[in-house]
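Welcome to a short set of exercises with worked solutions. Have your viewer ready and try each task before reading on.

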Amino acid sequence: MRVDGSSPNLRRATKGGSMPNSKLDGFGQRSRASEIGRDRSLRNPGWKSGLDITCVLLSLPVWLPLMILLMLVTRIASPGPIFYRQERVGLGGRHFFIWKFRTMKLSAETQIHERHFEKLMQVDCPMTKLDAYGDPRLAPFGRILRASGLDELPQIFNVLCGEMSFVGPRPCTPNEFAHYQPWQRERVNGLPGLTGYWQVNGKNKTTFNEMIAMDLFYLKSMSILLDLKIMLKTGAVMAAQLCESRPAAQPGRQTAGRHSPHAQIIT
């Protein structure tokens, strides 16, 4: 199994922004779309649960001290709560709450992400983060946490609760899910993950349709070996993202961030 996003089936799926299994007569029917991706009978494979628990226990000496350190940094760097809770859509369309380290100032307006993402779903452009333009809403150290993905570390507890897995599609927000086309809703047919096939194969350099295609490809190709390969590749990808995260030094960059055709994906 290759973990490089170069599958022939994946390339055919993303070409032209259209996907297999999509049907024109279903795109405009919200009643039909609401039924897709809400199968309550879906279950996480037994081997995946075992792998998740094993990885949590083996990595405990690493993630627990790191989490405590980041809690202290967040508390000292910015007044307000350490954690940020947000509703997401999980396996079979079931809603749950994820936990993240807070990376925004308390006064930050967050609905801009949802508005940007709604536009992003309709255009064919890379999902470049607003952080690249020097987002002034970020709290101190917020950019580093977001760029490295360490703001997602508290979701290890979501993994322990069985709401998430180490590897899988990132859980979307209910607002995002409401705008999905029927074929796109198939990405909730698997347990959402901390990392995934999309995250290690381009992430914000890909388009929305490419992200969905990679998620569906992973769900069809899921195996212990593939999960292990993705986990091993995640560390290198996080380091690369951190090196590339320096804000662009350009006049009026805040204005550019507001009007850029690119958008920040809510991860």
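A residue counts as buried under 20% relative accessible area, as exposed over 50%, and as partly exposed in between (1.4 Å probe, protein chains only). The model is a predicted one, where local features need pLDDT of at least 70 and side-chain atom pairs count only at pLDDT 80 or more, while totals for chains, interfaces and linings use all residues. Residues are numbered from 1 along each chain as its sequence is written, and side-chain values use heavy atoms, with hydrogens and water left out.

**Exercise 1. Work out which sides of helix H5 are buried and exposed.**

Step 1. Find the helix: H5 spans residues 60–77, 18 residues in total. Helices (H or I, at least four residues) and strands (E, at least two) are DSSP runs, numbered from the N terminus.

Step 2. Check its length. From first C-alpha to last, H5 reaches 25 Å, close to the expected 26 Å; the expected span is 1.5 Å times one less than the number of residues.

Step 3. List the buried residues: Trp63, Met67, Leu70 and Thr74. They sit on the same side of H5 because they cover an arc of only 70 degrees around the axis, taking the directions from the helix axis to the C-beta atoms.

Step 4. Turn to the other side, where Pro61, Leu72 and Ile76 are exposed.

Step 5. Look for the partners. The buried residues of H5 pack against helices H4 (46–58), H7 (142–148) and H8 (156–160), and against strand E2 (95–101). Contact here means heavy atoms within 4.5 Å.

**Exercise 2. Describe how H4 and H5 cross.**

Step 1. Take the axes, which are lines fitted to C-alpha atoms, for helices over the stretch in contact, with angles from 0 to 180 degrees between N-to-C directions. Those of H4 and H5 come within 5 Å and cross at roughly 65 degrees.

Step 2. Classify the angle: H4 is therefore roughly perpendicular to H5. The classes are roughly parallel under 35 degrees, roughly antiparallel over 145, roughly perpendicular from 65 to 115, and oblique for the rest.

Step 3. Name the residues that meet: Val56, Leu57 and Leu58 of H4 with Leu60, Pro61 and Trp63 of H5.

**Exercise 3. Trace the salt bridges through the chain.**

Step 1. Start with the count: the structure holds 5 salt bridges. Each one needs a side-chain nitrogen of Lys or Arg within 4 Å of a carboxyl oxygen of Asp or Glu.

Step 2. Take Asp227 and Lys48, whose side chains meet at 2.5 Å, N to O. This pair links distant parts of the chain, with Asp227 in helix H11 (residues 224–243) and Lys48 in helix H4, 179 residues apart. Asp227 is buried at 0% relative accessible area, and Lys48 is buried at 1%.

Step 3. Move to Lys100, which bridges to Asp151 with the closest N and O atoms 3.8 Å apart. Lys100 lies in strand E2 and Asp151 in the loop between H7 and H8, so this bridge ties together parts 51 residues apart in sequence. Lys100 has 6% relative accessibility and counts as buried; Asp151, at 3%, is buried too.

Step 4. Add Glu152, whose side chain meets that of Lys100 at 3.5 Å, N to O. Glu152 is also in the loop between H7 and H8, so its bridge to strand E2 joins parts 52 residues apart in sequence.

Step 5. Put the pieces together: Lys100, Asp151, Glu152 and Arg170 are linked in a network of salt bridges.
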